[in-house]
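Trainee: I'd like a close look at the helix packing here, please. What are two packed helices described by?

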Amino acid sequence: MTKRFEVLFCGRVTVAHKKAPPALIDECIEKFSQSRGTEGGAKPVSSGGFVSGLRRALTFPLALNGKPGDEEQDAVREGGQDRGREWAPAGERPMFFKRDPSFPCLEALDENGLSPELHTPPGDPRAAGVQPASLQENRTMLFMVGRSQIFLVSPDTKKVSIEKSFREISFCSQGIRHVDHFGFICRETVEGGSCTFICYVFQCTDEALVDEIMLTLKQAFSVAPIIIMNKVHFQNILFIKKKRVYCLILYHFFTVMHCLPPSLFFTLFSSLILSHLGLSFPVPFSISERGDSSLEGRVLSLSQGGAVGGGDRPLGVVPEERKRRGQADLRELWRKAILQQILLLRMERENNKIQASESKRLRLDYEEITPCLKDVTLVWEGMLGTPARSTVKFNRDTIHTAVGQGVPRQFRGEVWKFLSEQYLLSQTVPSRTPANNTPYKELLKQLTSQQHAILIDLGRTFPTHPYFQAQLGAGQLSLYNLLKAYSLLDPEVGYCQGLSFIAGVLLLHMGEEEAFNMLKFLMYDMGLRKQYRPDMIILQIQMYQLSRLLHDYHRDLYVHLEQQEIGPSLYAAPWFLTAFASHFPLGFVARVFDMLFLQGAEVIFKVSLSLLGSHKPLILQHDSLETIVDFIKTTLPNLGLVQMEKTINQVCEMDISKQLQAYEVEYHVLQDELCDMPAHLNQSQRAAQLERTNQSLRQQNLDLLEELQVNKLTCGHTHTHTLSLQPWVELVCFCRFPRPVCVAWRAVLKASSNQRGS
């Protein structure tokens, strides 16, 4: 099983030997700091005296008595003089740790290439020194340990940066002073066929993660030899079978090629044998094509000793003599090269467009439950195309009508951004903003302590959707970036199960950075983050509110569930934590998100109440806890298109905001009563006291309602009596008082009438 960790790539160093002392990682980190300080931060180390100083610092002796061994002396002599003593301070012996014999150092046998992100071209002067990673770029990597290989995948570029087999790795170590760093040495081939040893250094969030990585590598290396032996045994069996087939091929080869000249037959036969064996031996002759292309026109030319290419030159074709080209020929070649470059750029742009279109089609691969008519699409295009729309406040009723009639799937991401802008414009009091305002790109450059939980949930989020199906594909890496960035933005919440589905739905309709902004809007402005807090108190309140809604709207269903001791937390918690995305079809989830951006978090209550109410007859048919919960979790999500559309229409017409506020207050009152109860009461006594408190609260509520109705009737009678007396008052004023006093009385009566009417 592949294990994955998030690490920070620090840089690479060319070392003199495949093995090194334990202090190698600390020395590399110091050299990275010196290199950045000397070269201005991000420039590579240049050749010259500084490189020779680095080579002197990185030529490590391995002998335990303080003197370099034979191999170390050879490595030191390559630098020009004995520099091995400079590893330890004067008067001190170098400190070494005894190697764990159960951790094998496998010598490199094969060569795997590096991606362009980390590969240094052969002959580059940086290849002989220290190469720290650029601090301006995203250096985070996903370090994966497989059965016989390690991979480093860049979530930023969505590519494999390093791929090495265990046989290529000769040394692994953790830092002594920098305990949150580790690295490994592997062999790489440079130009000319020579080999060099490169040390890659990485940083983790803490020492515990480094210990886990080192333990994983140790276990993987201990199992790898068994896997390799099994592969060798299997390859030997295949080789025996291939050998029989090859004998038949040789038989037909001799029957066909017997008519060729002996020298040409020997050449072709030798090349066939060598290519089959995967070998390349020096051949003391080469073939030169001259004249016609027939076999009879081929002439063999021998080049022995000091001939062209030397005696070690492999079998090949002798190049023809170059002809001198004129200015017109060179100009024509330049013109062709420019045209080809222009054509390549055009093809690359078209290829990017095709890939973007294919990626969008792949992400929007779900069935729409509300087909958007052409007239509705034109309405959305008009609103989305409004200049400076983020500052224009549209009619609320128009937006409600448009959302109720449907949202075009290709514009859904833009519609959600538009709805978030309209919500912010309608708010008189600004909502709470995150204390950390770090941009998304900068957050991606940091390491998160929530990496294990996020990496585990990547494969569980929409496992059947093609965009998220590939392990560490583009979809999963984008989802990891989004969840990681939010965990760093909001340390109080960090990462919670269910949040990956919210982020996944957003990623299906927009890019990474836009999805991150919309996730912040849902969490902070719409208030979803409260239910993801570690204490989960808000989620408990939501479960109580849903139970009370069932009690008021579907009393028989509420009683049936209470008889089976089924609370909303048994079936509705995933609905609230994932906004129905974990169990319901994506087309239905997209419509729920349309309403969520329009009306806020209470939409989840409305959808839950509508779903339970529409399936009430079927739920009442089940009479056990297991069957009811199984029906709600498995059968209920498999809605038909008609039922889905009916549910969304009911949500548009519901208004339960006042009930939700009253139920929240009721929950807190009950909690206060529960805290005030004596501790010696048992469960039945507590339940009885809570029931009495609930009855008292209900009676108080009824008394308040009656008092309110009496006050309304009294106010109405007073208002009517005042209106009936108004003509008599005017008549008395007109007869007995001067005109200014009459005008004042009329104003007082009119104000009183308006106040009573309101």
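Mentor: First, the vocabulary: helices (H or I, at least four residues) and strands (E, at least two) are DSSP runs, numbered from the N terminus. This is a predicted model, with local features needing pLDDT of at least 70 and side-chain atom pairs pLDDT 80 or more, while totals for chains, interfaces and linings use all residues. Residues count from 1 along each chain as its sequence is written, and side-chain values use heavy atoms, leaving out hydrogens and water.

To your question: two packed helices are described by the angle between their axes and the distance between the axes. The axes are lines fitted to C-alpha atoms, for helices over the stretch in contact, and angles between N-to-C directions run from 0 to 180 degrees.

Let's start with helix 14, residues 499–507. Among the elements of the chain, helix 14 has the highest mean pLDDT, 96 (pLDDT is the predictor's confidence in each residue, from 0 to 100). The partner to look at is helix 19, residues 586–599. Helix 14 packs on helix 19 at an angle of about 95°, and their axes are 11 Å apart. That angle is why the pair counts as roughly perpendicular (65 to 115 degrees; under 35 is roughly parallel, over 145 roughly antiparallel, the rest oblique). Now pick out the side chains: from helix 14 come Ile502, Val505 and Leu506, and they meet Val589, Phe593 and Phe597 of helix 19 (contact means heavy atoms within 4.5 Å). Sort the residues of this contact of helix 14 with helix 19 and you get six nonpolar, no polar and no charged (nonpolar is Ala, Val, Leu, Ile, Met, Phe, Trp, Tyr, Cys and Pro; charged is Asp, Glu, Lys and Arg; polar is the others, Gly among them).

Stay on helix 19, since there is another packing to see there. Helix 23 covers residues 641–653. The axes of helix 19 and helix 23 come within 10 Å and cross at roughly 10°, so helix 19 and helix 23 are roughly parallel to each other. On the helix 19 side, the contact is made by Phe588, Arg591, Val592, Met595 and Gln599. Helix 23 answers with Met644, Thr647, Ile648, Val651 and Cys652. Here the contact of helix 19 with helix 23 divides into seven nonpolar residues, two polar and one charged.

So, picture helix 19 as the shared piece: helix 14 crosses helix 19 at about 95°, whereas helix 23 meets helix 19 at roughly 10°.

While you're in this part of the sequence, have a look at His560, which sits in helix 17, residues 555–563. With 11% relative accessibility, His560 counts as buried (under 20% relative accessible area; exposed is over 50%, partly exposed in between; 1.4 Å probe, protein chains only). Setting aside its neighbours within four places in sequence, His560 touches Ile619, Leu620, His622, Asp623 and Ile628. Its C-alpha is also 10.0 Å from that of Gln621, 61 residues away along the chain.

Met536 is worth a click too. Met536 belongs to the loop between helix 15 (512–525) and helix 16 (537–553). Its phi is near 60°, a positive value in a residue other than glycine, and at 23% relative accessibility Met536 counts as partly exposed. Lys158 shows phi near 60° as well, again a positive value in a residue other than glycine. The loop holding Lys158 joins strand 4 (149–154) to strand 5 (159–165), and at 29% Lys158 is partly exposed.

Now for a couple of spots among the strands. Ile169 lies in strand 6, residues 169–174, and at 3% relative accessibility Ile169 is buried. From Ile169 to Arg187 there are 18 residues in sequence but 7.1 Å in space, C-alpha to C-alpha. Ala16 sits in the loop between strand 1 (3–15) and helix 1 (24–39). Ala16 is partly exposed at 34%, and its C-alpha is 6.6 Å from that of Phe197, 181 residues apart along the chain.

Finally, the whole chain. It has 26 helices and ten strands, and 41% of its 758 residues are buried. Of contacts between residues at least 6 apart in sequence, 73% join residues at least 24 apart. Mean pLDDT is 75, with 68% of residues at 70 or more. Strand 10 (residues 299–302) has the lowest mean pLDDT among the elements, 36. Over residues 40–128 pLDDT stays under 50, and the model has 141 contacts beyond four places in sequence there. Residues 727–743 also stay under 50, with seven such contacts.
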